[in-house]
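Visitor: Before we begin, I should like to ask how each descriptive term is justified. Would you set the values against the definitions as we proceed?

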Amino acid sequence: MHDAALSDQASLDALAARLAELRGRYPAADPAMVAEVVRAVLASMQGDLTPKEAVLLAGVEDLARTIANAKDEIAAVGVDEITDNHIPSATDELDAIVQHTAAATDQILETCETLDRVAGALDGELAASLQDATTRIYEACSFQDITGQRITKVVATLKTIESKVAHIVAVVGGAGAEASAPVSADAALLNGPQLPANAMDQSDIDRLLASFD
Amino acid sequence: MAIDKSMNVLIVDDYKTMLRIIRNLLKQIDFNNVEEATDGAEALGKLRVGNFGLVISDWNMQPMTGLQLLQEVRADGRLKSTPFIMITAESKAENVVAAKQAGVSNYIVKPFNAETLKEKIEKVLGHA
């Protein structure tokens, strides 16, 4: 408040000095006429911007320029191309990977089932050896389930990115934003496969389960 | 305690390939009476009209998850003591805790091997 008063006084002093200078340069000017002109100008500013409002207006103008630049940049990036073509194409490719690996896995399993039937007709070590081999193949084929779940997570991530990009475009373009759907407690537990570095293995899970006993 | 391997086993997974793998692994350890369901709701329907000695279920299924199926089984007077093994890729501690609190008999994390499946079945049915 004290600083503001000092600043106002400084402005008045500067104005008085400026008027004195003008009187020196234009001695013919009638001070009363100058005063009348100033009063008229000041009167015309009644209801116009205060200094704080002027600063605010400048800020708003900056913001408008930033938004306009962002719009230009988004247009230059070709967001429509990303949401209309790139992401749907990527998700289609991933879906195709899941379908092809599932089909290949089914063929492998069918072959294993044939080998199991052959093993059933054999005796002794040969039968045991053949069944052991098919067991290893069955175990390995479970990759398809894990791969499918991982790819489903990637597709979900791509769709989230698509939605966020559309949201940003809608906000910058002035449209209203859609609120995210709340996540239920059960859905919050659907984490899917973890990366090996983050995952608990079977022995970790056995220890955790045993801690309840 | 001898395990009755002629019992009916219900396996539940929305991946048909996984059902096929588990069925074949069970067959290799002499469980031949195996029925399948592709989600929790279908499984619950089969459990309510059938007579199953063991349920082996995935977690991540729609519309009814394996956890919801487990909760329904434990809340059902006739089914509540049915041994229930969760086989899932959900390997976070919070999942294991939630399953245990819902009454899971044992928990196998994918990818698993035949030996782990056999060991957990024997453990669960040995205590049944």
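Guide: A helix here is a DSSP run of H or I with at least four residues, and a strand is a run of E with at least two. The model is a predicted one. On those terms, chain A reads α-α-α-α-α-α-α-α along its sequence, with 8 helices and 0 strands.

Visitor: What makes the pattern of chain B an alternating one, β-α-β-α-β-α-β-α-β-α?

Guide: Chain B holds 5 helices and 5 strands. Read from the N terminus, they follow the order β-α-β-α-β-α-β-α-β-α.

Visitor: How much of each chain counts as buried?

Guide: In chain B, 57% of the 128 residues are buried, while in chain A the share is 18% of 213 residues. The accessible surface is about 5,200 Å² for chain B, with 46% on carbon and sulfur atoms. For chain A it is about 14,900 Å², and carbon and sulfur atoms supply 62%.

Visitor: Why is Gln144(A) called buried?

Guide: The cut-off is under 20% relative accessible area. Gln144(A) has 1%, and therefore counts as buried. This residue lies in helix α6 of chain A, residues 143-172. Beyond its neighbours within four places in sequence, Gln144(A) is in contact with Val98(A), Thr101(A), Ala102(A) and Thr105(A), and also with Tyr15(B) and Thr17(B).

Visitor: How do you know that Cys112(A) and Cys141(A) form no disulfide with each other?

Guide: A disulfide requires cysteine sulfur atoms within 2.5 Å. The sulfur of Cys141(A) is 6.1 Å from its closest cysteine sulfur, that of Cys112(A), and so is too far for a bond. Over all chains the structure holds 0 disulfides. Both cysteines are nevertheless buried: Cys112(A) has a relative accessible area of 2%, and Cys141(A) has 3%.

Visitor: Why can the buried residues of α3(B) be said to lie on the same side of that helix?

Guide: The buried residues in this helix, residues 66-75 of chain B, are Gly66(B), Leu67(B), Leu69(B), Leu70(B) and Val73(B). They cover an arc of only 160° around the axis, and therefore lie on the same side of α3(B). An α-helix has 3.6 residues a turn, so residues three or four places apart point the same way.

Visitor: Against which elements do the buried residues of α3(B) pack?

Guide: In chain A the partner is α7 (185-188). In chain B the partners are β1 (9-12), α2 (40-49), β3 (54-57), β4 (84-88) and α4 (93-102).

Visitor: What makes a group of residues a nonpolar core, and how many residues has the largest one?

Guide: The members must be buried residues of nonpolar kinds such as Val, Leu and Ile, joined through side-chain atoms within 4.5 Å. The largest such set has 34 residues, and those with the most contacts inside it are Val9(B), Leu26(B), Leu54(B), Ile56(B), Leu117(B) and Ile121(B). Elements that give two or more residues to this core include α4 (79-121), α5 (124-141) and α6 of chain A, and also β1 and α1 (16-28) of chain B. The largest share, 6 residues, comes from α1(B). Apart from this core lies another, of 29 residues, among them Trp59(B), Met61(B), Leu67(B) and Val109(B).

Visitor: Which residues does Val9(B) touch?

Guide: Not counting residues up to four places away in sequence, Val9(B) touches Leu26(B), Phe31(B), Asn33(B), Val34(B), Glu35(B), Phe52(B), Leu54(B) and Ile56(B).

Visitor: How do you know that chain A and chain B are in contact?

Guide: Contact means heavy atoms within 4.5 Å. On that basis, 37 residues of chain A are in contact with 38 residues of chain B. The two chains bury about 3,300 Å² between them, 57% of it on carbon and sulfur atoms. Leu189(A), Leu190(A) and Leu209(A) supply 17% of the area that chain A buries against chain B, more than any other three residues.

Visitor: Which peptide bonds in chain B are called cis, and at what omega?

Guide: The bond from Gln62(B) to Pro63(B) is cis, with omega near 0°, and Pro63(B) is in the loop between β3 and α3 of chain B. The bond joining Lys110(B) and Pro111(B) is also cis, with omega about -5°. Pro111(B) is in the loop between β5 (106-109) and α5 of chain B.

Visitor: Why is Asp30(B) described as partly exposed?

Guide: That term covers relative accessible areas between the 20% and 50% limits. Asp30(B) has 47%, and is therefore partly exposed. This residue is in the loop between α1 and β2 (34-37) of chain B, and has a positive phi of about 75° although it is not a glycine.

Technical notes:
Residues numbered from 1 in each chain as written. Chains lettered and ligands numbered in written order. Predicted model: local features only at pLDDT ≥ 70, side-chain atom pairs only at ≥ 80, totals over all residues. Heavy atoms only, no water. Buried < 20%, exposed > 50% of the residue type's maximum accessible area, 1.4 Å probe, protein only. Areas by Shrake-Rupley, 256 points an atom, 1.4 Å probe, with all protein chains shown as cover. Arc of directions from axis to C-beta. Buried area = accessible area lost by both parts, 1.4 Å probe.
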